[in-house]
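Let's take a friendly walk through a structure, one chain at a time. Please keep the picture in view as you read.

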Amino acid sequence: MTAVQNRTPRPAAQLPPRERLSRWANKNRKWLFAGPSMAFVALLLVIPLAWTLVLSLTDSKRSVRRPFDFIGLENYVEALTDTERFWPSVGRTLAFTGGALFFELILGMIIALLLWKPFRGQGLVRTIVLLPLVATPVAVGMMWRLLFEPNIGFVNEFLSWFGIPAQPWLADPNTSLATLTFVDIWQWTPMVALILLAGLTGLSEEPQEAARMDGANAWQRFWYVTVPLMRPVIIAAVLLRGIDALKTFDILYATKGKGGGAFHDVETLNVYAYGLSFDYNEYGLASAVLILFFLMILAIIWVIQMQRKATS
Amino acid sequence: MKYGSSAARVFAVATTAVVAASLVACSSDSGIDEGDSIEGTTIRVTLANHVWTETIKDLIPEFEKESGAKVEITQLAEDQLSDQYNVKLNAGTDEIDVLMYRPLQENKLFADNGYLANLTDQVEGDKEWDWSDFQEGPASLTTYDGEVVGVPIITERTVLYYRKDLLQAAGLEVPTTLEELEAAAKAIHEANPDVAGYVGRTGKSAAVTQLSAFLYSFGGDWLDGTDSLIGSDEAREAYKYYGNLISGYTNATVNPEMSWPEAFAVFQQGQAAFIADADSLYKNMTDPSQSTVADNVGFAAFPEGPAGSKPYNVAAWALAINEQSANKSGAWEFIKWATSKATSLEMAKLGVSGARASVWEDPTANADYPAELLEAIKVNGQNGVGYDRPLVIEVAKAREIVGEPIVVAIAGGDVDAAIDAADKAFGEFLLEDAE
């Protein structure tokens, strides 16, 4: 009985300060450990986002240090009724992301399947496949700009060996976005392949063997066994790469410059918002476009998550 | 309700109190005290990639030795420089003491935003340094609301670069009119299908400054007050002429995003017969390490159009002091040295054309310039117009609007429709810009 009484905690007020602090820290350790990260997130994410939201409701222009008025949703109305720059930018953003993602998934899956089973020289092949991934996007943009140069670029020179006439590539507004989608595919397919390969490596052999026993051919095994089992990994790859592709800026700006080229032919939402902010100094409108872009990304993530829940 | 202004007032009062308490010894309103020793201080200078920068960098050790101050240089390409200013000056940084900027592009905007320190007392107070020696046109471009906010360092005019060998082979004289220029471009391209008759800037924004010489020479202009003039018959002629000159006499696919480095590269590689661009960049053409046609480059005054020869003659770059700089005295000492008669003369001898009248008059200053170029500079200087883009606050936006028909003209589209649309948009922009 006495021993039990000794183990009963004393009221905090009776404890020495150090022990009191220790007890408090122990009780609140989840906040203490998470505190620094939460402060980091608040400082670097929430505050800028909140400030962008505030600016989007103002007529701030020329300098953010100048006086500005709150104008409600005027900037949002202006952006959403702008059929010259905003909506075409939305279209290009979706076309670029959709196109890139589609081919990256197919090619990434092919590469992952090829690298799945061990073979001689696999390490070397994996290293070569991953090389585009480690290059800086701006450097990649500059390199492809030179390769696609219509008059002296290697790509047209290469085509001429087979009698194919020179193509304008980045110089033509009709082909520039497709050309840059190709560059994105070239650079980021390895990442998708890497994610899918990780998923494939974790798959159990048993369902494959069972299907084989049932007489399923390679395609049937892939389509009816591998793909359904890989669905969570595929969705993770779509989510990661999709969000990244939506936000692409570097290769577009490095190859076509301000405004997404002379005809705004590769102007995505990101490039458009950058131009509004850095070229036109229209901080209110630029912030509204960025908030709309943010909402668009959230909506896409939501749709993908719903899809995942529905299929699981 | 002006939320920003009340916040700014509170901030200004607080800042003023702190600054007033800590700078009691400072006697000048602008924060520049010429009596202060700058020995041991660091002057942070942000400069553009330019011939001026490369040349002054070799002379800076002299300044450091004389003053005892250390100069830290940040050097950036034009676009990155603009972005850097947009971010840093907008945030009220004190990390920049001296900034190199484009008066025609940024003077109004920066001064209106309060980014630039008022240098009026300094430039007018030093008789030996002599502000009155600066050419009137360039000096007026670095003045805002009666206050001097910058000191011009580079002046430039449109000069016609041409290939001597190609002209000689075709038996042609150097063109003196725009009609002759087009005829020569056509004749040379027909005789040399791999060579473009003319190359020039094609980028929507970049081409505006080079179109200006054609626009003025056809009798056109950008604006009159808040009225757009780009829909005039003269302007339409100029747009069509420029577009056809670039795309009409070449077999190559025209890159629609060329600024001067890309356009110069075509000429330097021997793939074009003519280019009209800034004379301050001439060393890019005559330096054999950059140009394969260095020995065959000729220079001529801008050809005459229906309204005469009207190239631009402008201050392309200037130096200013960041209003938030903590070392304004050091910054001013640097500017004073970099733009002094002695340094300007030395720079001119190294091929950099400044804005001091006395240097242009000094026969030793330009001894190394090609004689033909000097003659072209003289003629262009007499005929020159003091601006090469619309003089508004939001220049970048204005350039995109008036540049749109250039791109369409080069691509062979419906130029009149593009001009109509741009004229309307520019008119609306001018009203907004003037608010």
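## Two chains side by side

Of the 435 residues that make up chain B, 51% count as buried. Keep in mind that this is a predicted model. Chain B is built with 18 helices and 12 strands. Its C-alpha atoms fill a box of roughly 75 × 55 × 30 Å along the principal axes.

Does that make chain B spread out or compact? For 435 residues, a compact globule would have a radius of gyration near 22 Å, and chain B has 23 Å, which agrees. Contacts across the sequence add to this picture: among contacts in chain B with a separation of 6 or more, 77% are between residues 24 or more positions apart.

Now turn to chain A. This chain has 14 helices and 0 strands. The radius of gyration of chain A is 27 Å, well over the 20 Å that the globule rule gives for 312 residues, so chain A is more spread out than a compact globule. Its C-alpha trace spans about 100 × 75 × 35 Å along the principal axes. Of its 312 residues, 31% count as buried. Where contacts in chain A join residues at least 6 apart in sequence, 66% of them join residues at least 24 apart.

Here are the two chains in one table.

| Chain | Residues buried | Helices and strands | C-alpha extent along the principal axes |
|---|---|---|---|
| Chain A | 31% of 312 residues | 14 helices, 0 strands | about 100 × 75 × 35 Å |
| Chain B | 51% of 435 residues | 18 helices, 12 strands | roughly 75 × 55 × 30 Å |

Which parts of chain A does UniProt list as "transmembrane region"? The unreviewed entry in that record places the feature at residues 31-54, 94-116, 128-147, 185-203, 223-243 and 283-304 of chain A. Two of these spans can be looked at in the model. Residues 31-54 of chain A are 100% helix and 0% strand, with end C-alpha atoms 29 Å apart. Residues 128-147 of chain A are 90% helix and 0% strand, and here the end C-alpha atoms lie 20 Å apart.

Finally, see where the chains meet. How many residues does each chain bring to the contact? Chain A gives 25 residues and chain B gives 25 residues. On the side of chain A that touches chain B, the residues divide into 12 nonpolar, 6 polar and 7 charged.

Terms used: Residues are numbered from 1 along each chain as its sequence is written. Chains are lettered from A and ligands numbered from 1 in the order in which they are written. This is a predicted model: local features need pLDDT of at least 70, side-chain atom pairs count only at pLDDT 80 or more; totals for chains, interfaces and linings use all residues. Two residues are in contact if their C-beta atoms, placed from the backbone, lie within 7 Å. Ala, Val, Leu, Ile, Met, Phe, Trp, Tyr, Cys and Pro count as nonpolar, Asp, Glu, Lys and Arg as charged, and the others, Gly among them, as polar. UniProt positions are given in the numbering used here, feature names are shortened, and annotations may be inferred rather than shown by experiment. Helices (H or I, at least four residues) and strands (E, at least two) are DSSP runs, numbered from the N terminus. The radius of gyration is taken over C-alpha atoms; the globule rule is 2.2 Å times the number of residues to the power 0.38. A residue is buried if 20 or more other C-beta atoms lie within 10 Å of its own, exposed if 12 or fewer, and partly exposed in between; C-beta atoms are placed from the backbone.
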